[in-house]
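Please open the model in your viewer and keep the sequence panel beside it, so that each selection below can be followed in both.

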Amino acid sequence: MTTSTDAVSTSGPRALTWARRRRSAAAFWRQYRSHRAGLVGLAVLALIALIALAAPLLVGAGSQSVTQAPGGPMESPSAEFPLGTDQFGRSLLALLVWGTRVSLTVGLLAAFLSVAIGTLVGITAGHFKGWYGTVVMRITDWFLVMPTLVLAIALATVLSRSVWTTVLAIGVTTWPTTARLVRAQTLSVESRPYIERSTALGGGHRHIMSRHVLPNVMPLVLAQTTLVISTAILTEATLAFLGLSDPTIVSWGGLLQDAREAGAVSSGNWWYLAPPGLAIAVVALAFTLCGRTIETVLNPKLGVTR
């Protein structure tokens, strides 16, 4: 007959670790789903992600073709074209669906790059105190006081116009806020007694940062990521609207730029302007709702309403 102690000993520390993680994830989901705003944001993001993944099946890559446009230029909404057509006669609904892929991809990649840089800078600046932490945080402060959009525009102007340039321009200019938040959390974690015990037992810098500090700052990083994604999508749309992205790729910001060049504002063609603008606003709001809910679950002291 196997006792509970034998079961625990045979399961191993790795199994116990994963069991604790599963319990933590289940507890997190129970608290998350009690917030209506977070569930609404998550449902909207799931729907938009599904549309982005199924875009080739829904509209096909041929919908971007200028030479094979199915309609006339600037047609108003109709049964054949629910959102009208652009200046080349392409269906705006098809372009909006296809642009979902680019806007979400750029937003996600840029946000992950930004958060990765901010997390690395924040942890190292909080762990290695002294001249290194001082120099790094002064550089971070310099980036904070500089207008992010201006820096992104300057970088996108210097480099070639492509999706990767847009991702790089957004990622390397939006990391300072994450860095300061992670540094503050790192200082809080390293003030705890078990960090001192780990150091006394011979734990090196890499061990402490990777095994003790990083797991404790990951909840903050997760919440910050969802908030940075909305900022990245808005910045990508702004760069595309200013003509600093790849003109051969369809995105929501690029559609707004095309509408401006086609004179949709002066001619009153609202169907050319409203759909991409609303899509950007809805996605940014959905990510913000999810981010605020994650913050509330991880830090109930925030007291965000449900």
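## Two pockets and a buried helix

Begin with the second largest pocket of this predicted model, which holds about 360 Å³ of space. To display its lining, select Thr17, Arg20, Arg21, Ser24, Ala25, Ala27, Phe28, Pro219, Leu222 and Leu298. Two elements, helix H1 (4–32) and H10, each give two or more residues to this lining, and the largest share, seven residues, comes from H1. If you colour the lining of the second largest pocket by class, six residues are nonpolar, two are polar and two are charged.

Move next to the largest pocket, whose volume is about 420 Å³. Its lining comprises 25 residues, of which Asp246, Pro247, Thr248, Ile249 and Asp258 are the closest to the pocket centre. The elements that contribute two or more residues to the lining of the largest pocket are H4, helix H7 (163–171), H10 and H11, with H11 supplying the largest share, five residues. By class, this lining has ten nonpolar, nine polar and six charged residues.

Now select helix H11 (residues 252–261), where eight of the ten residues are buried, so the helix is largely enclosed by the rest of the structure. The buried residues of H11 are Trp252, Gly253, Gly254, Leu255, Leu256, Gln257, Asp258 and Ala259. To see what surrounds them, show helix H4 (92–127), helix H10 (205–241), helix H12 (264–267) and helix H13 (270–298), against which the buried residues of H11 pack. Finish at Gly263, which follows H11 and has a positive phi, near 75°.

Methods
Residues are numbered from 1 along each chain as its sequence is written. This is a predicted model: local features need pLDDT of at least 70, side-chain atom pairs count only at pLDDT 80 or more; totals for chains, interfaces and linings use all residues. Side-chain values use heavy atoms; hydrogens and water are left out. Buried means under 20% relative accessible area, exposed over 50%, partly exposed in between (1.4 Å probe, protein chains only). Helices (H or I, at least four residues) and strands (E, at least two) are DSSP runs, numbered from the N terminus. Contact means heavy atoms within 4.5 Å. On a 1 Å grid over the protein atoms alone, a cavity is a set of points where a 1.4 Å probe fits but cannot get out, and a pocket is an open set with protein on both sides within 12 Å along at least five of seven lines; lining residues have an atom within 4 Å of a point. Grid points are joined across faces, edges and corners, and a volume is the space filled by probe spheres set on the points. Ala, Val, Leu, Ile, Met, Phe, Trp, Tyr, Cys and Pro count as nonpolar, Asp, Glu, Lys and Arg as charged, and the others, Gly among them, as polar.
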